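Colleague: Could we go through this model together, taking the pocket, the cysteines and the nonpolar core in turn?

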Amino acid sequence: MLNPHQCALPSPAQACAMEENSMVDFKALEKELQAALAADEKYKRENAAKFRAVAQRVPSYEDFRGIVLASHLKPLERKDKMSGKRTAPWNCHATRRKTFQEDVAVEVSEEETPFQPGTSAEFYRDWRRRLRSGPERYQALLRLGGPTLGRLFQTDVGFGLLGELLATLANHMRPADRAAVLGILRGLAGTGRFSLNLSLLSPSELECCRALFEKLQAMGAPGAGAGQEALSGEQRGAEQEQDLLQELRELYQLR
């Protein structure tokens, strides 16, 4: 025989509690859906950036990682470039927590910062975007110097960049810069996978390389007829540069 207490209906208070527990929290559900959509959008954006970086043949993993991390950024249009104060941040992801007053205080500086890249990715970016003319690029290389370039590209110079560097030196070198150019060539020759990058030079880039070394040879022909003990300090320096030039000719496979 059934116990009548087992078949008792719930009290009104119990029924109300059961109904409340079974209700759907639409706000929480909407918030969870928005988070899922944002995560999916982020995944698709970064995945597309990875394929784009591979297609561009970026020179290093650092460049690859930089493209992926900056995938949320959009290029500026002409209408976006304006002087004076801005009322909106360039990068909403980086300034999302800033107040409106802080955003208004942001000013766009018209003055360009000096070309002082700290990584190969920064060099490649500014080389493409900021240094448009040959003389500008040449002066930038002279300011950096061979040791700095060797440090920046200790892993790899990057596909296509070595030819551009050699062409810039060949087209704008001056006699007074001979020692600095030799230092740049020595710094580049000590970078990673240099022989591979050298083998990938185009015919026109190889011709620029040959022309560069011919100019260096013509600018530094040492005087004949003087003994070693009679050489002045300047002449000794020229002789050392000539020895370095012969060493570089072998490294650049121009025997």
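Modeller: For the pocket lining, Ala, Val, Leu, Ile, Met, Phe, Trp, Tyr, Cys and Pro count as nonpolar, Asp, Glu, Lys and Arg as charged, and the others, Gly among them, as polar. Please keep in mind that this is a predicted model.

Colleague: How many nonpolar, polar and charged residues has the lining of the second largest pocket?

Modeller: This pocket holds about 170 Å³ of space, and its lining includes Pro59, Glu62, Thr119, Arg151, Phe153 and Asp156. Sorted by class, the lining has 3 nonpolar, 6 polar and 3 charged residues.

Colleague: How many disulfides does the structure hold?

Modeller: A disulfide requires cysteine sulfur atoms within 2.5 Å. For cysteine 208, the nearest cysteine sulfur is that of cysteine 209, 8.8 Å away, and the number of disulfides in the structure is 0.

Colleague: Is cysteine 209 buried or exposed?

Modeller: The term buried applies under 20% relative accessible area. Because its relative accessibility is 1%, cysteine 209 counts as buried.

Colleague: Which helix gives the most residues to the largest nonpolar core?

Modeller: This core has 38 residues, of which Phe123, Val181, Leu185, Leu212 and Tyr252 touch the most other members. Several helices supply at least two residues each, among them H5 (120-129), H6 (134-152) and H10 (203-219). The largest share, 7 residues, comes from H6.

Colleague: Which residues is valine 181 in contact with, leaving aside neighbours within four places in sequence?

Modeller: Valine 181 is among the core residues that touch the most other members. With those sequence neighbours set aside, its contacts are Tyr138, Leu142, Leu169, Met173, Leu212 and Leu216.

Definitions and conventions. Residues are numbered from 1 along each chain as its sequence is written. This is a predicted model: local features need pLDDT of at least 70, side-chain atom pairs count only at pLDDT 80 or more; totals for chains, interfaces and linings use all residues. Side-chain values use heavy atoms; hydrogens and water are left out. On a 1 Å grid over the protein atoms alone, a cavity is a set of points where a 1.4 Å probe fits but cannot get out, and a pocket is an open set with protein on both sides within 12 Å along at least five of seven lines; lining residues have an atom within 4 Å of a point. Grid points are joined across faces, edges and corners, and a volume is the space filled by probe spheres set on the points. Buried means under 20% relative accessible area, exposed over 50%, partly exposed in between (1.4 Å probe, protein chains only). A nonpolar core is a set of buried Ala, Val, Leu, Ile, Met, Phe, Trp, Tyr and Cys residues joined through side-chain atoms within 4.5 Å. Helices (H or I, at least four residues) and strands (E, at least two) are DSSP runs, numbered from the N terminus. Contact means heavy atoms within 4.5 Å.
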